[in-house]
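Q: Please take a close look at one part of this model. Then follow the neighbouring topics in one connected account.

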Amino acid sequence: MRDSDRARPAGRAAARDAFERVRIRYFQLSRGTRRAIFAAVLIGAAVLTVLLGWSFPTFVTVLLLLGYAELTLRFPRAAATVLVVVAWSCVMVVMGGYVQPNSALPTLFILLGVLTGGLAHLIRWVTPWVTTLAALGAAAMVTFAVATFSPRIALWAAYGVAGAVLAYRLVQANQVRRRAAAAQAQAPAQVRQRARDGAPERAGASEAVTPPPISVEEALGELESMIGLEPVKEQVRSIAASIEASRLRAEAGYSTEQPMRHFVFVGPPGTGKTSVARTVAKIFYAFGLLETPYVVEAQRADLVGEFLGATAIKTNELIDQALGGVLFVDEAYGLINSGDGQPDRFGAEAVQTLLKRAEDDRDRLVIILAGYEKEMAGFLSSNPGLSSRFSTRIKFPTYSPPELLRIVQLLTVRRGERLSPDAPGVLLGLFEDVHRRGLIDELGNARFARSLIEAAAQARDVRVVGAGGAPSREDLVTTTTADLTKAFNEITARFRGYQATPSLEEALADLDRMAGLEPVKRQVRAIAAQLRIARMRQEQGLPAPPQMRHFVFVGPPGTGKTTVARVIGRVFAALGLLSRPDVVEASRADLVGQHLGATAIKTNELVDRALGGVLFVDEAYSLVNSGYQGGDAFGTEAVQTLLKRAEDDRDRLVIILAGYASEMERFLATNPGLASRFNQRVTFPSYSPAELTEIAGLLAGGAGDRFDASAERDLADVFAWVCAEGLIDELGNGRFARSLFERAALGRDVRLAGRGGNASAEELTTITSADVRAAVDELADR
C-alpha cells in the first residue's frame with residue numbers, strides 16, 4: 001500500500017505537500033528558535049513603524065498576521081475556519097452599513113459567524129471549516145435575498161438556515177462515524193482485547209476493511225493536544241520530518257530506503273507511552289508507510305508459550321495480527337526473566353522471534369518496546385541484535401506538578417464534573433509534595449491523577465449522600481478540597497513513612513531543643529545554610545557546587561548522634577533533597593551476611609529500604625574487623641556495596657557513618673573511597689556537668705516529673721565528679737543521665753508504695769535527694 005492519497009488527496013496534492021513541508025520544517029525548529037523568529041519580526045515591524053512613520057495599526061496588523069501564521073501552522077483547520085468567519089464578518093459589516101446603518105444587526109450577524117465556527121469544531125468526523133463555509137454560505141444567500149424586504153427577518157432566516165446546515169453536517173458526521181465503527185467491529189474479538197483501536201486481522205473478510213483516512217496534520221495535532229511531554233513531542237516531530245524528507249528525495253529521483261524503524265520507549269509508568277505509540281502509528285499510516293493506523297498491545301504472557309517451541313508459534317501469530325500496523329510490547333524487559341539465576345529460554349525464544357520478524361517484515365511493521373529506563377537498558381544489552389534493530393529511543397519524562405494539575409482538570413471536565421474554586425491551589429501543593437519526595441513515578445504519574453479524581457469523586461458521593469436531604473445539582477458534580485485531600489491520603493497511605501514534610505525552621509528548632517552540643521549545632525546550621533543557598537542557585541540557573549550528601553559522625557557514645565541524624569534527615573526533606581525524613585538505623589549485623597555473596601544482597605536490601613531518607617550506620621568501624629586472619633572479607637564486601645550505592649543513589653539517599661573518633665579514623669583509612677565520599681565530618685563533644693544536669697531535667701519534665709532543689713544539687717555533684725574523673729564517656733554521657741533519672745524515679749515509686757495510703761500529686765511527681773543518692777549507689781554497684 002504505497003500510495004499516500006489518504007494524507008494528500010488527488011487534486012490538491014501539490015499544495016498540500018508544500019504546506020506540510022513547511023509545517024514539518026517549522027516544528028523541527030526548537031521552541032526557543034521559533035520564539036526568537038517571531039520576536040525578531042515584531043522588533044523589525046516596530047523599528048520600521050518608527051523610522052518610516054507608519055501608523056500604529058500597521059504594527060498591530062503585523063502582530064495579528066504573526067498570530068494567524070502560528071495558528072495556521074499548528075491548527076490549519078482552525079485557521080481556515082477563522083478565515084471563513086472573518087470574511088463573513090467583513091461582508092456583514094459592509095452590508096449592515098448599507099441596509100440599516102447604526103443598528104445592532106451587523107453585530108448579531110457577526111455573532112452568527114462566531115457561533116457557527118465554534119459549533120462546527122464540535123462536530124467530529126467532518127472537516128470543520130467546510131461545515132462553517134457551507135452554513136455561512138447558505139445563510140449569506142438567504143440574507144441577501146430577504147434583507148431588502150426585512151433585515152430582521154433576514155437575520156432570523158440566516159440563523160435558521162445556518163442551524164439547518166449544521167444539523168445536516170451532524171447527520172453526515174454520524175454516518176461517517178457509524179461506518180468507521182462498523183469497520184472496526186469486524187476485527188476479531190481476540191485482537192480487540194489487545195488493540196484498543198480495533199486493528200483488523202490480516203486474513204479473511206477483514207482484509208476488505210478500509211481504515212478511516214488520517215492526515216499528517218491530524219496525527220501531529222493529536223500529539224500536540226497531549227499535556228506535557230515536550231521532549232517526546234520534539235522527537236516525534238523530528239521523526240515525521242525525516243519521513244517527509246525521505247519522501248521528497250524519492251520524488252526528486254534520488255534512491256532512498258523506506259524510512260521504517262523500530263522504537264524503544266523508556267520512562268516511568270503513566271507518562272503516555274501507549275498514547276504516543278498510537279500517534280506514531282497514525283503518522284506512519286498518514287505517510288502511506290503502514291497499511292493501518294492500529295496498535296496491537298502485548299506483554300510477556302501474549303508472546304511466551306507454555307513449552308519450548310510454542311513460544312515461537314505464539315509470537316509469530318501475534319506479529320501476523322499486527323502486520324501493517326504497530327506492535328507495542330509493554331514491560332518488554334519481562335521477556336528476559338533471570339530472577340531464579342537460570343537463563344530464561346522461553347523469553348529468549350520470544351526475543352529471537354521478534355528480532356527475526358523485525359528484520360523480515362520491516363517494510364510492513366513497526367515494533368515498539370516499552371518499559372522503565374533502567375530495566376530496558378539491561379534488557380537491550382542482553383542481546384546485540386536488540387540494540388542494533390531498536391536504535392531509536394524516546395525518553396518519557398516524569399510529569400511536573402502543574403502538568404498533573406492540568407491532567408486532573410481535563411479529566412474532571414471529561415467526567416462532566418467541576419472542582420471547587422480553592423481545589424486547584426491545594427492540588428498543586430499536594431502534587432509538589434509527592435514530586436519533591438520522588439514518589440510521583442511510583443504513584444504512576446497520569447494514572448495517579450486519574451485514581452485521585454475517581455477516589456475524590458467517591459468521597460464526594462459519600463459526603464453528599466451522608467448529609468441527607470436533597471442535594472443540589474452543583475453538590476452532585478462539585479469536588480471539594482476535603483474530598484481531594486481524603487482521596488490523596490488514602491492513595492498515599494501505602495507508602496511507608498509518608499507524613500507531612502517538616503519545614504526547615506521546624507527541623508532546626510528540634511536541634512535547638514537539644515541540650516549542649518553547641519559546636520554540632522553550629523555545624524548543622526552551616527550545612528543547612530549551604531544546602532539552601534545551593535538550591536536557590538540551582539533554581540535561578542546559576543552554577544552550584546556539588547551538595548554534600550554523606551557524613552561521618554565521630555564522638556563518644558550517648559552524645560546525640562542518632563538524634564542529630566534525624567535532624568539531618570528533616571533538614572534534607574525540608575529542602576526537597578530527600579523524599580522523606582525517615583532514618584533507618586543499622587549496625588554490622590544488619591549489613592553482613594552469613595556467606596560471601598549474601599552480604600551484598602543484605603546490604604542492598606537495607607539501602608533500598610532507606611532510599612528517600614537517611615541510612616545511619618552506628619559503630620561503622622566494626623565493618624572492617626582486623627582480628628580476622630586474612631582480612632574481613634564479609635565486612636569488605638559490605639563496605640564496597642555501601643560505597644557503590646552511596647555514589648549511584650546520591651540524589652536519593654544520605655548515609656551517615658558513626659562511631660568513636662579513633663576507631664573511625666582507622667576505618668576511613670582502610671579504603672580511599674570512604675574518605676572521598678564521606679568527607680563531611682561532624683564531631684560530637686562529651687557533655688559537661690551542666691549539660692548533663694539539663695538533660696536529666698528535660699527527661700524528667702518530659703515524663704511529668706521534677707527534681708527538688710536538693711536533688712538538683714546532688715545531680716550536679718555527681719555529674720561534676722564523673723566528668724572530673726574522666727568516666728563520663730565510659731558511662732555513656734546522655735545515656736548515663738537517662739539511667740540516673742529512671743533509677744531515681746523508680747526509687748521514688750518504691751518509697752511511696754512502701755508507705756501505704758495515699759500520696760499527694762506533688763509527692764507523686766517529685767524526685768528527692770534520697771532518690772538520687774539511692775540511684776547513684778545502685779548504678780555504682782553495677
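**Patch, sheets and rings**

A: V50 sits in helix α2, residues 31-51. Helices here are DSSP runs of H or I with at least four residues, strands are E runs of at least two, and both are numbered from the N terminus. The model is predicted: local features need pLDDT of at least 70, side-chain atom pairs count only at pLDDT 80 or more, and totals for chains, interfaces and linings use all residues. Residues are numbered from 1 along each chain as its sequence is written, and side-chain values use heavy atoms, leaving out hydrogens and water.

V50 has a relative accessible area of 67%, so it is exposed. The classes are: buried under 20% relative accessible area, exposed over 50%, partly exposed in between, with a 1.4 Å probe and protein chains only. V50 belongs to a nonpolar surface patch with I43, V47, L48, L51 and L52. Together they offer about 610 Å² of accessible area. Such areas come from the Shrake-Rupley method with a 1.4 Å probe, counting only the protein chains shown as cover for residues. Patch residues have over 30% relative accessible area and no salt bridge; nonpolar side chains (Val, Leu, Ile, Met, Phe, Trp, Tyr) are joined within 5 Å, like charges within 9 Å. A salt bridge means a side-chain nitrogen of Lys or Arg within 4 Å of a carboxyl oxygen of Asp or Glu.

Now the sheets. One is open, with five parallel strands in the order β2-β3-β4-β1-β5. Its edges are β2 (295-298) and β5, each pairing on one side only. Pairing requires at least two DSSP bridges between two strands. From one strand to the next, the twist averages 20°. The axes behind it are lines fitted to C-alpha atoms, for helices over the stretch in contact, with angles from 0 to 180 degrees between N-to-C directions.

Strand β1 (residues 263-266) pairs in parallel with β5 over four bridges. There, V264 stands opposite R393. Four bridges also join β1 to β4 (residues 366-371), again in parallel. F263 has I368 as its bridge partner in β4. In β5 (residues 392-395) the side chains alternate. T392 and I394 point to one face and are buried; R393 and K395 point to the other and are not.

Next, the aromatic rings. The whole structure holds 12 aromatic pairs. Rings of Phe, Tyr and Trp (its six-membered ring) pair with centres within 6.5 Å; planes under 30 degrees apart are stacked, over 60 edge-to-face, the rest tilted. F263 and F284 are edge-to-face, because their planes meet at 80°, with centres 6.2 Å apart. F263 lies in β1 and F284 in helix α11 (residues 273-286), so the pair ties together parts 21 residues apart in sequence. F263 is buried at 0% relative accessibility, and F284 is buried at 1%.

F719 and F736 also pair edge-to-face, 5.8 Å centre to centre and 80° between the planes. F719 is in helix α32 (residues 709-724) and F736 in helix α34 (residues 734-755), so this pair ties together parts 17 residues apart in sequence. F719 is buried at 0% relative accessible area, F736 at 9%. F263 and F284 also join F265 and F396 in one aromatic cluster.

Another open sheet has five strands, ordered β9-β10-β11-β8-β12, with parallel pairing. Its edge strands are β9 (583-586) and β12 (680-683). Neighbouring strands turn by 20° on average, direction ignored. Four bridges link β10 (residues 614-617) to β11 (residues 654-659) in parallel. V617 stands opposite L657 in β11.
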